[in-house]
Amino acid sequence: MEIEVRPLTETDLDGAEQIVRDAFGDFLGLDVFGDTALLHTRFHALHTVSLGAFADGELAGATVATRWGSVAYFGPLAVAPKRWGNGIGRRLVEATTDVLAAWDAAHQGLFTFAQSPQHHGLYQQFGFWPRFLTAIMSLPVSGRAAVALGWRMSAAAPQDRAGLVAGCAAVTAAVLPGLDVTGEILAVLDQGLGEVVLVGEPEAPRGFAVCHTGAGTEAGSGITYIKFAAVLPGPGAAQAFAALLDACRDYAASAGARRLVLGVNTARHDAYRHLVRAGFRTDTSGVTMHRPNEPGYDREDVYLLDDWR
């Protein structure tokens, strides 16, 4: 069998999305994606590379590499169930790690099943090592706050947007030098996937959250999903984090969402404990694997939300 890995084209996306659904559905025994769109939204973003594995010319697997400045990760990675055991996953990992190396990302990673030694063994062969669990948590959304909480980047005047994006980059750089999720911000705004919620002073955001909402995004119907959120570290970080969560709940309610979903690595102990006290409950969890085997921004006092699915 001849296996070729190359960038996906737009005409490949429906097939690639189906492979992801089939692979995860077979492994887990349930549909975890609903009416979300993972590969389509990422394909059209400027900070990603989408790869397909073709076996004898037929699309047999896919993955996406994502660059957040000095940090990069890949996933989901999936192979069509009928093609399992043929080395296609390994070829995808090889090609994807070449992309991460070309980006010269200082910290690289992925999210995988915590209970699967097979997955761990594959990724360990490429220098990725398991660290702490990431909890995927959720909270029911109730009514809106009596007073508007935070503000929204989509409402900013066009001439002010660049300054707000730069302010968000300053927040992430304070967490980890080089960390930059500008691509996620622009993808949400340009594709109309949801909202970027901010707290702090307009000229210097204290924290921000990149939110997807509804069908056809990474959230799904009735859900607001915080793909990434962070606040400035140091004194007042806990208070800013609480304010940002409140602003995200308010946005979710205004968008008609029934549930607010987010991910947090449990190594960020202060943030994780805050979420538990605030009523968030874990729906599922996975393990992040890192290359090199270092914490990156997964530190106890870092108030940051994300998951590398």
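Let me start with arginine 91 and glutamate 94, whose side chains form a salt bridge with an N to O distance of 3.9 Å. This is a predicted model, so please hear every value as computed. Both residues sit in helix α3, three residues apart, which means about one helical turn separates them. As for accessibility, arginine 91 is partly exposed at 31%, and glutamate 94 is partly exposed as well, at 32%. The cut-off for a salt bridge is 4 Å, and the 3.9 Å in this pair is within that cut-off.

How many salt bridges does the structure hold? There are twelve. I will go through a few of them.

Next on my list is arginine 83 with glutamate 58, where the N to O distance is 3.4 Å. This bridge links distant parts of the chain, with the two positions 25 residues apart in the numbering. Arginine 83 belongs to the loop between β5, residues 78-79, and α3, residues 88-103. Glutamate 58 belongs to strand β3, which covers residues 58-68. Is each partner buried or exposed? Arginine 83 has a relative accessible area of 16%, so it counts as buried, the limit being under 20%. Glutamate 58 comes out at 34%, which is partly exposed.

The third pair is arginine 259 and aspartate 283, and here the closest N and O atoms are 3.4 Å apart. Which elements does this bridge tie together? Arginine 259 is in strand β12, residues 259-265, and aspartate 283 is in strand β13, residues 281-291, so the bridge connects parts that lie 24 residues apart in sequence. Arginine 259 is partly exposed, with a relative accessible area of 32%. Aspartate 283 is also partly exposed, at 46%.

Then there is a network. Arg42, Glu184, Glu218 and Lys227 are joined into one by salt bridges that share partners.

Now to the backbone. Most residues other than glycine have a negative phi, and most peptide bonds are trans. I have some exceptions to report on both counts.

Peptide bonds come first. Glycine 75 and proline 76 are joined by a cis peptide bond, with omega at about -5°. Where is proline 76? It is in the loop between β4, residues 71-74, and β5. A cis bond also joins arginine 291 to proline 292, and there omega is about 0°. Proline 292 is in a loop too, the one between β13 and β14, the latter being residues 304-306. Arginine 291 falls within the range of strand β13, residues 281-291.

Now phi. Aspartate 56 is not a glycine, yet its phi is positive, at about 50°. Aspartate 56 is located in the loop between β2, residues 48-55, and β3. Its relative accessible area is 53%, and because the limit for exposed is over 50%, aspartate 56 is classed as exposed.

Aspartate 104 is another non-glycine residue with a positive phi, here about 55°. Which loop holds aspartate 104? It is the one between α3 and β6, with β6 covering residues 107-112. Aspartate 104 is exposed, with a relative accessible area of 64%.

To go back over the main items: the structure has twelve salt bridges, including the one within helix α3 and the one from β12 to β13. On the backbone side, there are cis bonds before proline 76 and proline 292, and positive phi values at aspartate 56 and aspartate 104.

Definitions and conventions: Residues are numbered from 1 along each chain as its sequence is written. This is a predicted model: local features need pLDDT of at least 70, side-chain atom pairs count only at pLDDT 80 or more; totals for chains, interfaces and linings use all residues. Side-chain values use heavy atoms; hydrogens and water are left out. Helices (H or I, at least four residues) and strands (E, at least two) are DSSP runs, numbered from the N terminus. Buried means under 20% relative accessible area, exposed over 50%, partly exposed in between (1.4 Å probe, protein chains only).
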